[in-house]
Amino acid sequence: MPERYHLLIPHYCHVDQLAGFLPQLATTGLPALIVDDGSDSSTRRRLRGLIAGHPWASLLERNRNGGKGAAMITGMKHLHAQGATHVISLDADGQHDPAEIARLRLASQRHPARVISGKPVFGDDMPKVRLHGRKLTNVLARLAAGGGHVEDAMCGLRLYPLASVLPLFATLGTRVRMEFDVEILVRACWAGLELEFIPTRVVYPQDGRSHFRLFADNARFCRMHTVLILQALRRLLNPGHRTRQHRGA
């Protein structure tokens, strides 16, 4: 079966930023699905109007906010049911360069079974506190994955082969908010999937709006890292466990 690629953009109250770069995606020649994760009614009305002006884009609405991972899972399951074989995700806040999409797609056409991720090249606009937090998360993700397979665990610009990635969703438990990007890569490593990382420029728009909640989301990341490290130790001490289905904790 020939590969069918589809763009996927999880969205929550970023309609102004999305409006700024959505027209650029037309040059990719790929259809786009925007999954709104329970934005307020005013934002949804504006979002519907924006999508209506781009016939190659469609909108899927979630009634309640469940987090980025929940929006990604909803979108990927929907697209798989529609016949897509690969999904290229990017964030709705405009920090990813749409020109990079072609590079990910080309790499996937050479190796269709790989999970392909951007590896951010940051400019001076990168907040230092985020940079240090990112470095720590990458170190912990590499430890959990069992080696140097994970070059960057947090980039939202990714290409997923759906047939291989969808079964991993059952192992995530309730960890489907901002921690999704990290955990899905670690579990892809455990499942034996090949990863590829492509350097990509990432910017932080001056009018950018982050939905990161300092205490709640840091607590979620701590819980996720704890679960992954403990399960990694279990895999190390009990090699037979690697061949069994991983259960979410």
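**Exercise 1.** Which residues are exposed on the other side of helix 2, away from its buried ones?

Solution. The model is a predicted one. Begin with the buried residues of helix 2: Thr43, Arg44, Leu47, Leu50 and Ile51. They fall on the same side of the helix, because the arc they cover around the axis is only 120°. In an α-helix, with 3.6 residues a turn, residues three or four places apart point the same way. On the other side of helix 2, the exposed residues are Ser41, Arg45 and Ala52.

**Exercise 2.** Check the length of helix 2 and describe its start and its packing.

Solution. Helix 2 runs over residues 41-52, twelve residues in total. At 1.5 Å a residue the expected span is 16 Å, and the end C-alpha atoms lie 17 Å apart, so the two agree. At the start of the helix, Asp40 places a side-chain oxygen within 3.2 Å of the backbone nitrogen of Ser42. The packing partners of the buried residues are strand 1 (5-11), helix 1 (15-21), strand 2 (32-37) and strand 3 (57-62).

**Exercise 3.** Which residues touch the most other members of the largest nonpolar core, and which element supplies the largest share of that core?

Solution. The core has 40 residues, and Met76, Val150, Phe169 and Phe180 touch the most other members. Elements supplying at least two residues each include strand 2, helix 3 (68-81) and helix 8 (214-237). Helix 7 gives the largest share, eight residues. Now take Met76: beyond its neighbours within four places in sequence, its contacts are Leu8, Val87, Tyr160, Leu162, Leu166, Phe169 and Phe180. A second core, separate from this one, has 26 residues, among them Ile9, Leu50, Ile101 and Cys155.

How values were computed. Residues are numbered from 1 along each chain as its sequence is written. This is a predicted model: local features need pLDDT of at least 70, side-chain atom pairs count only at pLDDT 80 or more; totals for chains, interfaces and linings use all residues. Side-chain values use heavy atoms; hydrogens and water are left out. Helices (H or I, at least four residues) and strands (E, at least two) are DSSP runs, numbered from the N terminus. The expected span of a helix is 1.5 Å times one less than its number of residues. Buried means under 20% relative accessible area, exposed over 50%, partly exposed in between (1.4 Å probe, protein chains only). The arc is that of the directions from the helix axis to the C-beta atoms. Contact means heavy atoms within 4.5 Å. A polar contact is a pair of N or O atoms within 3.5 Å; within protein, one must be able to donate a hydrogen and the other to accept it, and residues adjacent in sequence count only if both atoms are side-chain atoms. A nonpolar core is a set of buried Ala, Val, Leu, Ile, Met, Phe, Trp, Tyr and Cys residues joined through side-chain atoms within 4.5 Å.
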